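Here is a short briefing on metal coordination. Please keep the structure open while you read.

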Amino acid sequence: MVATLDDTKRNAIAVKLADMKLLQQLIIDNEERFLRECSDGEIANNLRKMLDDDRKNQGILDTVVVQYGIQKNAESTVQEMVAKVRKLMQGNELSFFEKVFQHELLKHQQVMNGITIHKAAQKVGADVMAAIGPLNTINFENRAHQEQLKGSLEILGVRELTGQDADQGIWARVQDAIAAISGAVGSAVTQTSDKQDMNIQDVLRMDHNKVNILFTELMQSNDPQKIQEYFGQIYKDLSAHAGAEEEVVYPRVRPFYGEANTQELYDEQARWGPWFEELRGISPATPQFKDRLRQIWDQIGDHIRQEESTMFAAIRNNMSSRESEELARQFKAAKSRIQERMGGETRTEAAV
Ligand SMILES: [Fe+2]
Ligand SMILES: [Fe+2]
């Protein structure tokens, strides 16, 4: 069995990502409900925009989980909490103000989840940072949503407690607070938030970058255990990536990329399995391991460069952005299925 990288830390981050996905779905369901119940025009407008962001961010979370490469279930305590809040939101015990109040707490929780994952990733490795990169967009937007919800709460709360309207100027204050956050977060976020729908080139490039970072981390390490772990992660990531390319990308590009070019990509990837088998037979404590891996990586690098140059160009020239985005969705779904299958196999092997 191939050892996987820093299993405990990496699995803990995977569970937090699953927590985030579950919470995100509750947040989306709440906002849909609020929109049906809300009678204030301005608050409804804000909620509508928030719901759009949150639906988009659920898609980004899906991408991050697949890119991360480890799929887990949410913690049972989080599952229970979500079920409880969902029941409260459906019932009549809470006023609309109180429901939005609870919702703001969920947003806060989601912000803290995102920040915690970000900070933890910095401790685990550069490849993890690369995988969770798009999470920055979600964290920033959730911070902005929190400010908007605070404004809404002020209006709803004053109305519920006094029957009167709150002082004017709340939304201007909210806008100022959001501007301050956006200034503090900087331009990195604005760049990623443009990439709401990733096309197939974006997604493939993210994968290529991640394995290249893992390779660099491996080469810089002198600890055989670490080297073994990095190798395990490279093996897992590349297997899922290559499998998904063969399932959905190569068949799709074959008509315009050409029979010979496409077949070359299939043939090259067919060699990777035996190569990795060979590496598994070499002790990572010996210099031969890195020497052989470096030779293999030269070949893998050529393959990746071919995809990113001529295959990407062919995709750009022959597929619309919508088609390329659709292919990205299919690729992520295929990769996710392969990861699930591989996870199952690992468990069986571990049990033997
Ligand atoms: Fe490939
Ligand atoms: Fe690739």
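The notes below cover the two metal sites and the residues that hold them.

This is a predicted model. The iron ion (ligand 1) and the iron ion (ligand 2) are 3.1 Å apart. Glu245 coordinates both.

**Iron ion (ligand 1)**
- Its protein donors are Glu245 (OE), Tyr250 (OH), Gln269 (OE1), His303 (NE2) and Glu307 (OE).
- These donors lie 1.9 to 2.3 Å from the ion.
- Along the sequence, the donor residues are spaced E-x4-Y-x18-Q-x33-H-x3-E.
- Gln269 sits in helix 11 (residues 259–280) and His303 in helix 12 (residues 287–318), so this pair ties together parts that are 34 residues apart in sequence.

**Iron ion (ligand 2)**
- Here the protein donors are His208 (NE2), His241 (NE2), Glu245 (OE) and Glu307 (OE), at 2.0 to 2.2 Å from the ion.
- Angles among the four donor atoms run from 80 to 173 degrees, and the site of the iron ion (ligand 2) is irregular.
- The spacing of its donors along the chain is H-x32-H-x3-E-x61-E.
- His208 belongs to helix 9 (residues 200–220) and Glu245 to helix 10 (residues 224–257), so the pair links parts that are 37 residues apart in sequence.

**Burial of donor residues**
- Glu245, which coordinates both ions, has 0% relative accessibility and counts as buried.
- His208 is buried at 1% relative accessibility.
- His303 also counts as buried, at 1%.
- Gln269 has 5% relative accessibility; because buried means under 20%, Gln269 counts as buried.

How values were computed:
Residues numbered from 1 in each chain as written. Chains lettered and ligands numbered in written order. Predicted model: local features only at pLDDT ≥ 70, side-chain atom pairs only at ≥ 80, totals over all residues. Heavy atoms only, no water. Donors = N, O, S within 2.8 Å, 3.2 Å for Na, K, Ca; no water. Helix = DSSP H or I, 4+ residues; strand = E, 2+ residues; numbered from the N terminus. Buried < 20%, exposed > 50% of the residue type's maximum accessible area, 1.4 Å probe, protein only. Tetrahedral: all angles 85-135°; square planar, octahedral: opposite > 155°, others 65-115°.
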